[in-house]
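User: I would like a close look at one part of this model, namely the salt bridges and the elements they connect. Please set that part in the context of the whole chain.

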Amino acid sequence: MGLTPEYMEMIIQFGFVTLFVASFPLAPVFALLNNVIEVRLDAKKFVAELRRPDTVRAKDIGIWFNILSGIGKFSVIINAFVIAVTSDFIPRLVYQYVYSHNGTMHGFINHTLSYFNVSDFKPGTQPENSPFEEEVSFCRFKDYREPPWAESSYEFSKQYWSVLSARLAFVIIFQNLVMFLSVLVDWLIPDIPKDISEQIKKEKSVLVDFFLREEHEKLKLIENFISRDKQRSWSEKKRKRSRAASFTQFYRSRRGSFTSLSSRHSDV
């Protein structure tokens, strides 16, 4: 199993904290307290209760980094929809900058309430005992609907569609803004510090110089071997020529002596 359960536990915690932080803002605080305690418990577990694991060199945490990155991007969209749909943040902004006469929130509650004619209740669904002494003709409920006296009664009003479009626009702007800020932070704060990256560059340059020096020495050795082989081949050719010359000289001398003997024999 290795460290898979430990990684899985952190992934689940990270998912709950990031996906629903808009609904429960205290979740990161409790997660931090849990991690502070769990670090000490894991240290005791690895030191006193478990066998020492084999050390293996790894470049990074592997596929878990991609999972964390995907959860982080998905959590931005989820939190944007939670803020836009479940809160009154967007309807308040729409009312203040579009429908308010003086730019204040005065009349916002009345703006969010729609009318309902009690005579439109289906038979058997109207309340039997009314707490009001007078007869009630209209009641109010929280929604953006057309009033009963309109042509399209109880249909979604223009305010509903304007608020819905503002919510979708907020989701798009919020998502792009957070993504831009995350890219900016990644650019401002690199994964490797500047001094360490410079040290790595120096080590690479030293290694390159060392390898070049070795290759140069190898090239010199190869050139020396080639020159020695040429000298040996040249000396061998020279020896062969000298042997051939001595052999021809010996052959000529023997031939000359043979002709002299034959001439003497003929004279006799």
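Analyst: The account below begins with the chain as a whole and then turns to the salt bridges, a helix contact and one loop residue.

The model is predicted. Its protein chain contains seven helices and two strands, arranged along the sequence in the pattern α-α-α-α-α-β-β-α-α. Of its 268 residues, 13% count as buried. The accessible surface of the chain is about 22800 Å², and carbon and sulfur atoms contribute 62% of that area. Among contacts with a separation of 6 or more, 63% are between residues 24 or more positions apart.

Four salt bridges are present in the structure. One of them pairs the side chains of lysine 45 and glutamate 6, with an N to O distance of 2.9 Å. Glutamate 6 belongs to helix α1 (residues 4–19) and lysine 45 to helix α2 (residues 27–49), so this pair ties together parts that are 39 residues apart in sequence. Lysine 45 also forms a salt bridge with aspartate 42, where the closest N and O atoms are 3.5 Å apart. In this case both partners lie in helix α2, three residues apart, which is about one turn of the helix. Through shared partners, Glu6, Asp42 and Lys45 are joined into one network. Lysine 45 is itself partly exposed, because its relative accessible area of 24% falls between the limits for buried, under 20%, and exposed, over 50%.

A further salt bridge links aspartate 143 and arginine 145, whose closest N and O atoms are 3.0 Å apart. Arginine 145 is likewise partly exposed, with a relative accessible area of 28%.

A packing contact elsewhere in the chain adds to this picture. The axes of helix α4 (residues 89–99) and helix α6 come within 9 Å and cross at roughly 120°, and the crossing is right-handed. On the α4 side the contact is made by Phe89, Ile90, Pro91, Val94 and Tyr99, and on the α6 side by Lys158, Gln159, Ser162, Val163, Ala166, Arg167 and Phe170. By character, these contact residues comprise eight nonpolar, two polar and two charged.

The last feature lies in the loop between β2 (138–142) and α6 (158–188), which holds tyrosine 154. Most residues other than glycine have a negative phi. Tyrosine 154, although not a glycine, has a positive phi of about 65°. Its relative accessible area is 21%, and tyrosine 154 is accordingly partly exposed.

Technical notes
Residues numbered from 1 in each chain as written. Predicted model: local features only at pLDDT ≥ 70, side-chain atom pairs only at ≥ 80, totals over all residues. Heavy atoms only, no water. Helix = DSSP H or I, 4+ residues; strand = E, 2+ residues; numbered from the N terminus. Buried < 20%, exposed > 50% of the residue type's maximum accessible area, 1.4 Å probe, protein only. Contact = heavy atoms within 4.5 Å. Areas by Shrake-Rupley, 256 points an atom, 1.4 Å probe, with all protein chains shown as cover. Axes fitted to C-alpha atoms, helices over the stretch in contact; angles between N-to-C directions. Left-handed = near helix turned anticlockwise from the far one by under 90°. Nonpolar A, V, L, I, M, F, W, Y, C, P; charged D, E, K, R; others polar.
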